[in-house]
Structure formats: structure tokens, C-alpha cells
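Here are my notes on the structure you sent round. They go point by point, beginning with the term on which several of the later points rest.

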Amino acid sequence: SDERETPSKEIIKILKERLADVKVYDPHILNKSDFDSLQKALDWSEVVVLCTSHNEFIENVTRLIKNNVVLFFDGRNSFDKTIFESKGIRYKGIGRG
């Protein structure tokens, strides 16, 4: 997978500058991921920032996400926000609010 075009590096840098505890999961670059599965990443997270539209995320996030997540930021506008809102999770999508 080509990392050069992903916005995630800049987002990670900004979040860390603001002292966020940032962990990364990318099924295509597991050797640079902090978790070995999407489920483990979601179970750990309070905030999810989606920077890619890998099929694993699109097909499984709404099924696997639990109420420990308080905010889901959809950087790819891949989801219907009502799915998250119905679970009590704030949803922010690029250009959607």
C-alpha cells in the first residue's frame, strides 16, 4: 500500500502535537500498526479518525464499534452518520458536519 498520498501522517502529527495518545491500525501496513486487528483498535479507542476507505473498515466498522467510542471522524465520507448517532456516537464527516 502506498503511504505517500494518505493524509494520516499529517493528522497524526497534529494530534500528537496536541498531546493526543494516538494509535494506528492499517490492515495493509501491519508492521507499522499498533494493533493486529480492527476489533482491538476499536476496543481501545475513544475517538476514531478514518483516513482511508479500505474494505475492512467499510464492511466492519459499524458492526464492531462499541460505546467506548465517543467520536467518529469520517475523513472519507464512507458512512451514514445515523448509524453512529443511533449508537450514541458523535459523527463528523468531511463537508457534512
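1. Buried stands for a relative accessible area under 20% and exposed for one over 50%, with partly exposed in between. The model is a predicted one, so the points below describe a prediction. At 45% relative accessibility, Lys40 therefore falls into the partly exposed class. Its salt-bridge partner Asp36 is exposed at 54%. The N to O distance between the side chains of Lys40 and Asp36 is 2.9 Å.

2. Salt bridges in total: the count is four. One of them joins Lys23 to Asp21, with 3.8 Å between the closest N and O atoms. Lys23 is partly exposed at 39%, whereas Asp21 is exposed at 55%.

3. Another salt bridge links Lys66 and Asp43, at 3.6 Å from N to O. Lys66 sits in the loop between H3 and S2 and Asp43 in helix H2, so this pair ties together parts that are 23 residues apart in sequence. Lys66, at 41% relative accessibility, is partly exposed, and Asp43 is partly exposed too, at 40%.

4. The sheet is open and has three strands in the order S1-S2-S3, with parallel pairing. S1 and S3 (90–93) are the edge strands; each has a single partner strand, so one side of each has no neighbour in the sheet. On average, neighbouring strands are turned by 10 degrees against each other, direction ignored.

5. Strand S2 (residues 71–74) pairs with S1 in the parallel sense over four bridges, and the pairing of S2 with S3 is likewise parallel over four bridges. On the S1 side, Val47 has Leu71 as its bridge partner and Val48 has Phe72. On the S3 side, Phe72 stands opposite Tyr91.

6. Which residues of S2 point to the buried face? Phe72 and Asp74 point to one face and are buried, while Leu71 and Phe73 point to the other and are not. For the connection between the strands, S1, H3 and S2 form a right-handed β-α-β unit.

7. The largest nonpolar core holds 17 residues, and Leu38, Val61, Ile65, Phe72, Phe79 and Phe84 have the most contacts inside it. At least two residues of this core come from each of helix H2 (38–44), strand S1 (47–50) and helix H3 (55–64). In soluble globular proteins, nonpolar side chains tend to be buried together.

8. Val61 is worth viewing alone. Beyond its neighbours within four places in sequence, Val61 is in contact with Leu38, Leu42, Glu56, Phe72, Phe79 and Phe84. Among these, Leu38, Phe72, Phe79 and Phe84 are also listed with the most contacts inside the core.

9. Is Ser45 buried or exposed? Ser45 lies in the loop between H2 and S1 and has a relative accessible area of 10%, so it counts as buried. Not counting residues up to four places away in sequence, Ser45 touches Asn68 and Val69.

10. Asn55 belongs to helix H3 and is exposed, with a relative accessible area of 55%. The C-alpha atoms of Asn55 and Pro27 are separated by 9.8 Å, the two residues being 28 apart along the chain.

Notes
Residues are numbered from 1 along each chain as its sequence is written. This is a predicted model: local features need pLDDT of at least 70, side-chain atom pairs count only at pLDDT 80 or more; totals for chains, interfaces and linings use all residues. Side-chain values use heavy atoms; hydrogens and water are left out. A nonpolar core is a set of buried Ala, Val, Leu, Ile, Met, Phe, Trp, Tyr and Cys residues joined through side-chain atoms within 4.5 Å. Buried means under 20% relative accessible area, exposed over 50%, partly exposed in between (1.4 Å probe, protein chains only). Contact means heavy atoms within 4.5 Å. Two strands pair if DSSP finds at least two bridges between them. Axes are lines fitted to C-alpha atoms, for helices over the stretch in contact, and angles run from 0 to 180 degrees between N-to-C directions. A crossover is right-handed if, with the strands pointing away from the viewer, the path from the first strand over the helix to the second runs clockwise.
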